[in-house]
Amino acid sequence: MFDELRKPGGKLKLAVPRGALLEETLDLLDQIGIETREVRGDSRSLVFDGGELMLVTMRPSDVPTYVSAGAADVGITGKDVLLEQEDRPVFELVDLGIGRCRMVLATQKGDVAPSEHQRRLGMMKIATKYRRIAETYFAERGRQVELVEVKGSIELAPLVGLADGIVDLVATGRTLVENNLEVREEIVTCTARLVANRVSYKIRSAEVDSLAERLRAVVSRGAEGAS
Amino acid sequence: MIRPIPPGTRDVLPDEMRELRAIESALLGAFEAAGFREVRTPTLEYAGALELGDGRSADAAYRFFDERGELLALRTDMTIPIARLVADRFGEVEPPHRLSYIANAYRAVTPQRGELREFGQAGVELIGSPGPEGTAEVVELLDRALAAVGLDESVIGLGEDGIWTALLEDSGAGPETIERTSELLVSHDLVGVEVALRESGLDAAVVEQAVRLTQMRGGSEVVEQARGFGGERFAATLDRLVATFQAISARSVSRRVQLDLGMLREIGYYSGSTIEVYDATVGEIIGGGGRYDDLMSKFGMDLPAAGFTLYIERIHKAQLERGGGSRRAGGGADV
């Protein structure tokens, strides 16, 4: 199996995101006939033979790194990750519709609206893990902010006065509520995407297209079923 | 104590140097055999001369003042310096001009990406020979150059600049939609292209055609699939691509050419054919080029032109991966 990973022209390598996206990703892959049982098991292995594809598991934020370098031919990760790593060139092929969440600006309940705060003080301090997305959002609107990059639970920052607000990804919004925060502005809605390396997309076009086509079909069936 | 060198630059040690020189001489041999004569231009140019060629691509990362206060820049590629050279020195010489180069170029890097600040390029410029014949001559030489460095499986992608704009104009899209979707296409965001087209209020059938176009790459069958798309402008642009492909086929080098209707290159001076070179062992393009028929006139000499460049370090990486086994010994080339 490890030889397969280094062979040019071997099975396509799909970067699979571990974490919150994993279950839904594997469910999608099941529906197009990829073998995912081993990934679901409690193996410490990072690489699995999925039948027609090799499955390479990793953190979602590493997917653009592997795919843009061609270490994986295709991959699945969130639009938030892709926006944050825009400078890593990958082809974005299919909106998979899973892992839907919102990138929002949130502040403490009872605070004045961020726009009002900004009007008075000219500047806001914003804590985030998504530096690039936040920077672009505020810069495009001509709003001055000072970004504070934190790695852990961002919700903490406004509570203890590190920042006036946060830019963060929200799925259900429960964490915000429990920390006395509320959504003030919606920045972008993010879903998971199928991405491809720019060389693999060209020279393994038949395989990549077939994968994209089948995933697209599953996604649109799912969307119809839901509506 | 270790004295570091700037990130994105490298020392080349004797074993690898021998391999890089072998690549360079194989490429030069192929260029010379085809009648392309080697030239050299200064590493430093006046920033103004580079900007004259193309504001965007000549956005040199490294600029400084000389002793008289003139603004100098390190070149970002060789096409613009050679355009300058030909315009200023070959005025009395009968075109076409066939020139080649092996040279380092300089670009800004993102830290910790393994990108090279200084990298080697080997390429040719054919100035004064219009498409489709001139393009076919360049593609034939590219095929030979790849063969000369042992990359028999590399693929030459051939696109046609303006095909996207033509389809959207024929379909009644406004300039804003064209600009927005072109940006998304250059950044390879095909999902974004589809969303932007839908939001633009274009007809669903038109949106579907445009989305399909972005995915069309392969042999001559893709041309047949795209026949009937758009209107007159699109048909004329597609015909130009077909004419180029036929001229390439007549030279029997179409075997490794992939027609790519969705290709849109970032560099601003291209017009007409665009070229990208791929190899399965390297995750990035190993070369690129195309036609730039409007570039020479910016230097006061109105001649059609085409060319390509190959990235020497990436060619080396492809050779090592194809050779197998030597990965560890040659790991330094992994850039």
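**Entry 1: strands β10, β11 and β12 of chain B**

I began at R291(B) and looked up its bridge partner in β12(B), which turned out to be A306(B). The model I am reading is a predicted one, and I keep that in mind throughout. Going from this one pair to the strands that hold it, I found that β11(B) and strand β12 (residues 305-311) of chain B run antiparallel and are joined by five bridges. On checking strand β10 (residues 273-278) of chain B, I found that it pairs with β11(B) as well, again in the antiparallel sense, over four bridges. Within that pairing, G287(B) of β11(B) is the bridge partner of V277(B). I then asked how many residues of strand β11 (residues 287-291) of chain B are buried. The count is five of the five, so I note β11(B) as largely enclosed by the rest of the structure.

**Entry 2: the open sheet of chain B**

I next traced a sheet of three strands in chain B, which is open, has the order β2-β4-β3 and is paired antiparallel. Because β2 (44-46) and β3 (63-65) of chain B are the edge strands, each with a single partner strand, one side of each has no neighbour in the sheet. From one strand to the next I read an average twist of 40°. For the pairing of β2(B) with strand β4 (residues 71-74) of chain B, I recorded three bridges in the antiparallel sense. L44(B) stands opposite L74(B), a residue of β4(B).

**Entry 3: helices α1 and α12 of chain B**

I turned to helix α1 (residues 14-33) and helix α12 (residues 312-323) of chain B, whose axes are 10 Å apart and which pack at an angle of about 110°. Since angles of 65 to 115 degrees count as roughly perpendicular, I describe α1(B) and α12(B) as therefore roughly perpendicular to each other. Listing the residues that make the contact, I wrote down E19(B), L20(B), I23(B) and E24(B) from α1(B), with I312(B), I315(B) and H316(B) from α12(B). Sorted by class, the contact between α1(B) and α12(B) has four nonpolar residues, one polar residue and two charged residues.

**Entry 4: helix α7 of chain B and its cover**

In helix α7 (residues 190-199) of chain B, I found L190(B), V191(B), G192(B), V193(B), A196(B) and L197(B) to be buried. What covers these buried residues? From chain B the cover includes α6 (175-186) and α8 (204-214), and from chain A it includes β5 (91-95) and β11 (192-196). After α7(B) comes G201(B), and I noted its positive phi, near 85°.

**Entry 5: the contact between chains A and B**

For the contact between the chains, I recorded 22 residues from chain A and 21 residues from chain B. On the side of chain A that touches chain B, at least two residues each come from α3 (63-69), β5, α9 (198-203) and α10 (205-226). The largest share of that side, five residues, is supplied by β5(A). By class, the residues on this side of chain A are ten nonpolar, five polar and seven charged.

**Entry 6: the two domains of chain A**

Last, I consulted the domain assignment of chain A, which gives domain 1 as 4-99 + 191-226 and domain 2 as 101-189. The C-alpha centres of these two domains of chain A lie 31 Å apart. Their contact takes five residues from domain 1 of chain A and six residues from domain 2 of chain A. On the domain 1 side of this contact in chain A, I counted one nonpolar, one polar and three charged residues.

Notes:
Residues numbered from 1 in each chain as written. Chains lettered and ligands numbered in written order. Predicted model: local features only at pLDDT ≥ 70, side-chain atom pairs only at ≥ 80, totals over all residues. Pairing = 2+ DSSP bridges. Axes fitted to C-alpha atoms, helices over the stretch in contact; angles between N-to-C directions. Buried ≥ 20, exposed ≤ 12 C-beta atoms within 10 Å, placed from the backbone. Contact = placed C-beta atoms within 7 Å. Nonpolar A, V, L, I, M, F, W, Y, C, P; charged D, E, K, R; others polar. Parallel < 35°, antiparallel > 145°, perpendicular 65-115°, else oblique. Domains from an automatic or database assignment.
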